[in-house]
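Here are a few short exercises on charged side chains, each with a worked solution. Have a go at each one before you read on.

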Amino acid sequence: MKRGRKTNEANSSSSEDTTEKECKRHKVVEKKTAVVQSPDWANLLQDIILQVFQYLPLLDRAHASQVCRSWNQVFHMPDLWRCFEFELNQPATSNLRTTHPELIKQIIKRHSNHLQYVSFKVDSSKESAEAACDILSQLVNCSLKTLGLISTARPSFMDLPKSHFISALTVVFVNSKSLSSLKIDDTPVDDPSLKVLVANNSDTLKLLKMSSCPHVSPAGILCVADQCHGLRELALNYHLLSDELLLALSSEKHVRLEHLRIDVVSENPGQTQFHTIQKSSWDAFIKHSPKVNLVMYFFLYEEEFDPFFRYEIPVTHLYFGRSVSKDVLGRVGLTCPRLVELVVCANGLRPLDEELICIAERCKYLSAVGLGECEVSCSAFVEFVKMCGGRLSQLSIMEEVLIPDQKYSLEQIHWEVSKHLGRVWFPDMMPTW
Amino acid sequence: MLHRTIHLFRKELRLHDNPVLLAALQSSEALYPVYILDRAFLTSSMHIGALRWHFLLQSLEDLHKNLCQLGSCLLVIQGEYETVLRDHIQRWNITQVTLDAEMEPFYKEMEANIQRLGAELGFEVLSLVSHSLYDTQRILDINGGSPPLTYKRFLHILSLLGDPEVPVRNLTAEDFQRCSAPDADLAESYRVPLPEDLKISPENLSPWRGGETEGLQRLEQHLTDQGWVASFTKPRTIPNSLLPSTTGLSPYFSMGCLSVRTFFYRLSNIYAQAKHHSLPPVSLQGQLLWREFFYTVASATPNFTQMAGNPICLQICWYKDAERLHKWKMAQTGFPWIDAIMTQLRQEGWIHHLARHAVACFLTRGDLWISWEEGMKVFEELLLDADYSINAGNWMWLSASAFFHQYTRIFCPVRFGKRTDPQGNYIRKYLPILKNFPSKYIYEPWTASEEEQKQAGCIIDDADDPMEIKVKRDHSEENISKGKVARTTE
């Protein structure tokens, strides 16, 4: 059992006499080697116990609470129940621990009105998602500030009947009234429930993460943007993005957005036609929030990139999770002047020399690059690094990306690159198995 | 005083560069070269499939032959090791037991037990390290007692250590003449068993034959390609490299038929002569150094071969899915690239390292999200070069459980194969049912029209595949973000 630090400061509250006596007794204990009387742990000031308890993990705290009535009282003080993470895992299919059902009962009974920062970590089974909803629907006396629903494996919330999930979530929306941060990625949340969220929390909502929520429509999210003027961070899928949304986020009443994450995902090749956003909408967006981080994750098949990178877009962090063509990367260089981070999972068998050089030339803020299954000639790569120089704080290139040529071999390249970066650099290595 | 010694072969099944055997010979008047085949001990410590048994028995047979040429022989004694030792210490009046020092927990425990036995029965125990280039303890010491967890750091530490231990001299017949060898009838009663004797299926399609002799021949073949060796880079995307290599050496290192130190110094000599000196990691020595890296980490990490209680391993919420695991193991995923690899693995006991990356990624964070421990067990059973440290270490690496890169990389089971072998010849060889498929479709046969499938003589049953396809599409994206979740919450 971990021991917390014991504070020696005598608190001004409570009887000074007892405190003095405590100190004296402790001094006596320290001086004598043979301890006659042990310190009276049961009479320690509750403020002190509280401070100690705050350092203890939950399980240790729970054990400590069984020691005596005073400690048990402290265990149940509101301060210790502001933050809680419910871990819901089925032992039959998961290796991780789960929050004890008895503890959950106790929390709901005695502490639901203390809870403010709550998250649910749920494994891939439907039962765990159901358990989470069950708890949510009992949080009637709660006024949550943050709520996070996190699927650690498969999106198990999506296995639930939609109405079941919605009604549980609505309990929180209606009762909380001062929600500031909400993470509901991979859930069956829908437009009406977002309306409820907005009706009760529009003044306080600052962060909303809802990637992969297929039941929400562009109108639903537009409602959020229209009403929640304090929204600073938003994550959603591309199908929810619209000109209206960008304009709503850029209205005068709206604060500056700090972080916008967009996932562009296609299920099957050719099935999704992606709509286009007008350049003017992006322009208005960036004018209103000039410092915003615009993060875009692309999980598309090569032939689906047609609507993208046709004009200047203020993206700062760009991740290509699947294969992306040389052609598209060429367009990226020409249309992403604010680019800070670029990660390419895979490309093809033709070298990306010109494309990288163009990116080095045009993306003056680029500081992080990751290349997976691509090919770049060593000379072009050295040129690229030379142009970017020391601003590349992150350069993760898989070893097999670099093709030796007339000028440079693989052994020489790490010296050259290190020279231009101003630090020792090696490509990322996969072990020879 | 000269000893009467039992030399226990465990993982150094060779005569060249065998420091502890040499020490045994130099300190003894009688030497009994023994391999204790403690089946219960072996099977409780690791999974061993039929091909691995074959390789082991072939290696023992070869060891016996080579010992005979020097005037001795190998005695293979079956039974529980402590009982065997007690019995024979007495029978042969043994005063010393020599054995190779190994870092796996089960071997360390065995050595500790033998030490105890030595104290009880009055014999000395001598062990020396020879399975790795360096004494890994020295690496740990320089790094402040803990193992370097990045390859770069590891190389840096090695640069401070200097060159590895030099191989010891070869044994000669004279060495054995001074020591009396076991009697002929002993050799007869303790001969190397055949697979059938151990009730192991004699069927063996693998082109790999065990033993020091074979290993040394391959080594020479490997090194005669000198020009190539000097400019060797880790295999890029050469189709031929997927096929069983005639100069591949990994199973011989793993079984100890070949000494890594010998190989290292032979390579160093070649480099010294060649014009363009390759630095690791891209040089051929890189293979040895990676091995050393994993040995070092494993030697200092408790519970290295599992997730629970393993301080360097990320605790990830893997799925338990026996059905999908079984399909992966039995080459029935429906992805030809993956299935061809798993077929070669089962039939031959060796697959190229890029192939290992592909199937390991597929099982874990790429597609099935099943624990790396399951994959590790399958590899342990089927791979001839399965090795405690290297197997677990690589599985953790490929499943992004440890040794992190900045960005998670996922190998697509279709695209990666296409890059490696665009014509699909590898698939045709190991999945003959697909051999008539045009290269365009062979990695994704479900994309061919029904007519084309008929022409190729193989209809893809939609009932089998869509689940797997959907698994792939759903999971890769999820897995990338899951990966992020797992990391940010630990």
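**Exercise 1.** With which residue does B:D175 form a salt bridge?

*Solution.* This is a predicted model, so start from its atoms and apply the 4 Å cut-off between nitrogen and carboxyl oxygen. The closest N and O atoms of B:D175 and B:R178 are 3.1 Å apart, and the two form a salt bridge. Next, place them: both belong to helix 8 (residues 173-178) of chain B, three residues apart, which is about one turn of the helix. Finally, check accessibility: B:D175 has 2% and is buried, because buried means under 20%.

**Exercise 2.** Find the salt-bridge partner of A:E233, then decide whether each of the two is buried or partly exposed.

*Solution.* The partner is A:K209, with the closest N and O atoms 3.6 Å apart. This pair joins distant parts of the chain: A:E233 is in strand 6 (residues 233-237) of chain A and A:K209 in strand 5 (residues 207-209) of chain A, 24 residues apart. Now the accessible areas: A:E233 has a relative value of 23% and is partly exposed; A:K209, at 21%, is partly exposed too.

**Exercise 3.** Which residues are linked with A:K326 in a network of salt bridges?

*Solution.* Begin with A:E355, whose salt bridge with A:K326 has its closest N and O atoms 3.3 Å apart. Here A:K326 sits in helix 12 (residues 326-335) and A:E355 in helix 13 (residues 353-362) of chain A, 29 residues apart. Both residues are buried. Then add A:E354, and the network of A:K326, A:E354 and A:E355 is complete.

**Exercise 4.** How many salt bridges are there over all chains?

*Solution.* Counting by the same cut-off gives 31.

Conventions:
Residues are numbered from 1 along each chain as its sequence is written. Chains are lettered from A and ligands numbered from 1 in the order in which they are written. This is a predicted model: local features need pLDDT of at least 70, side-chain atom pairs count only at pLDDT 80 or more; totals for chains, interfaces and linings use all residues. Side-chain values use heavy atoms; hydrogens and water are left out. A salt bridge is a side-chain nitrogen of Lys or Arg within 4 Å of a carboxyl oxygen of Asp or Glu. Helices (H or I, at least four residues) and strands (E, at least two) are DSSP runs, numbered from the N terminus. Buried means under 20% relative accessible area, exposed over 50%, partly exposed in between (1.4 Å probe, protein chains only).
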